[in-house]
Amino acid sequence: MKTKEMKIKRIISVIALLFFVFSFLLLLFSLFAVRSDIALFGYRFFYVTTESMEPDIMAGSLIIAEETPIDDLKVGDIISFVSDDPDIKGLINTHNIHKIDNSGVSPVFTTKGTNNPTADKYPVYPENIKGRVVYNSHTLGEIFRFLSKRWVSFCLTVVPIAIIVLINLVDFIKVIHFFPDDVKEGNAEKDSEKEVDNDD
């Protein structure tokens, strides 16, 4: 019975630990998804929040942008960049490369959203490009958005830790509770042995 109880506790602890690790990784991912200056092995993660790239990329999608040499970029590529548009200045925008001007020292890019009727007014310079989009998923975007909610993150972090602590606390209390009885039993055995010796 004790062995079965220990196995159940161990399984619960492992599951709780896995939830905690998953939540920790989720928090790390969320950090990468909101910080354009952080790349993971040459890749950056962003959320698409508008419909400007539909139907190619749906609003709410998760995208992965790979750091790519400027000379390798071509018309038609989808890039993520820090926008100079006053309405979203400093934020990440993701659009197609509509035109490349190579007349200067470094190329200047004109971008356009698939769903937009005209090209963007403000050019994109090489230093503002964060990467070329190599993957996008609306499903993953919705999943991560849900998991990133505060109450979900709370459940995935605090609850597993609480379960692990509770299980160990119960075992600790049991040890403290039963230890004196074990000592008494040990003393009783010694006393009985002494009585036997005295009788001899």
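The legends below accompany an overview and several close-up views of a predicted model.

**Figure 1. Overview of the predicted protein model and its order of elements.**
The protein contains three helices and six strands. Read from the N terminus, these elements follow the order α-β-β-β-β-β-β-α-α. The protein has 200 residues, of which 30% count as buried. Its exposed surface amounts to about 13,500 Å², and carbon and sulfur atoms supply 63% of that area. Among contacts between residues at least 6 apart in sequence, 55% join residues at least 24 apart.

**Figure 2. The hairpin formed by strands β4 and β5.**
Strand β4 comprises residues 92–101 and strand β5 comprises residues 108–112. The two strands run antiparallel and are joined by five bridges. Six residues lie between the strands of this hairpin. Within the pairing, Ile97 stands opposite Thr111 of β5. In a regular strand, side chains alternate between the two faces of the sheet.

**Figure 3. The surroundings of Thr94 in strand β4.**
Thr94 belongs to strand β4. Its relative accessible area is 9%, so Thr94 counts as buried, the cut-off for this class being under 20%. The side chain of Thr94 makes a polar contact of 2.8 Å with the side chain of Ser80. When residues up to four places away in sequence are not counted, Thr94 touches Met53, Ile63, Ile78, Ile79, Ser80 and Val133. Ser80 therefore appears both in the polar contact and in the list of residues that Thr94 touches, around a residue that is buried at 9%.

**Figure 4. Glu54 and the cis peptide bond to Pro55.**
Glu54 is found in the loop between β1 (43–47) and β2 (62–66), and Pro55 is also placed in the loop between β1 and β2. The peptide bond that leads from Glu54 to Pro55 is cis, with omega near 5°. Is Glu54 buried or exposed? Its relative accessibility is 18%, and Glu54 therefore counts as buried, since the class requires a value under 20%. A polar atom of the Glu54 side chain lies 3.1 Å from the backbone nitrogen of Ala59. With neighbours within four places in sequence left aside, Glu54 is in contact with Ala59, Thr114 and Asn115.

**Figure 5. The salt bridge between Arg44 and Glu67.**
A search of the whole structure finds four salt bridges. One of them joins Arg44 to Glu67, with the closest N and O atoms 2.8 Å apart. This pair links distant parts of the chain, for Arg44 lies in strand β1 and Glu67 lies in the loop between β2 and β3 (78–82), 23 residues apart. Arg44 has a relative accessible area of 9% and is therefore buried, whereas Glu67, at 41%, is partly exposed. Side chains of opposite charge can pair when their charged atoms come close.

**Figure 6. Salt bridges involving Asp77 and Asp84.**
Asp77 forms a salt bridge with Lys74, and the closest N and O atoms of this pair are 3.4 Å apart. Which residues make up the network of salt bridges? Lys74, Asp77 and Arg132 are linked in it. Asp77 is buried, with a relative accessible area of 10%, while Lys74 has a relative accessibility of 48% and counts as partly exposed. The side chains of Lys89 and Asp84 also meet in a salt bridge, at 3.5 Å from N to O. In this pair, Lys89 counts as exposed at 56% relative accessibility, and Asp84 is partly exposed with a relative accessible area of 26%.

**Figure 7. A nonpolar patch on the surface.**
Leu40, Phe41, Tyr43, Val134, Tyr135, Leu140 and Ile143 make up a nonpolar surface patch of about 640 Å². The elements that give two or more residues to this patch are β6 (129–137) and α2 (138–147). Leu140 is located in helix α2. Leu140 counts as partly exposed because its relative accessibility is 30%.

Technical notes. Residues are numbered from 1 along each chain as its sequence is written. This is a predicted model: local features need pLDDT of at least 70, side-chain atom pairs count only at pLDDT 80 or more; totals for chains, interfaces and linings use all residues. Side-chain values use heavy atoms; hydrogens and water are left out. Patches are made of residues with over 30% relative accessible area and no salt bridge: like charges are joined within 9 Å, nonpolar side chains (Val, Leu, Ile, Met, Phe, Trp, Tyr) within 5 Å. Accessible areas come from the Shrake-Rupley method with a 1.4 Å probe; for residues, only the protein chains shown count as cover. Helices (H or I, at least four residues) and strands (E, at least two) are DSSP runs, numbered from the N terminus. Buried means under 20% relative accessible area, exposed over 50%, partly exposed in between (1.4 Å probe, protein chains only). Contact means heavy atoms within 4.5 Å. A polar contact is a pair of N or O atoms within 3.5 Å; within protein, one must be able to donate a hydrogen and the other to accept it, and residues adjacent in sequence count only if both atoms are side-chain atoms. Two strands pair if DSSP finds at least two bridges between them.
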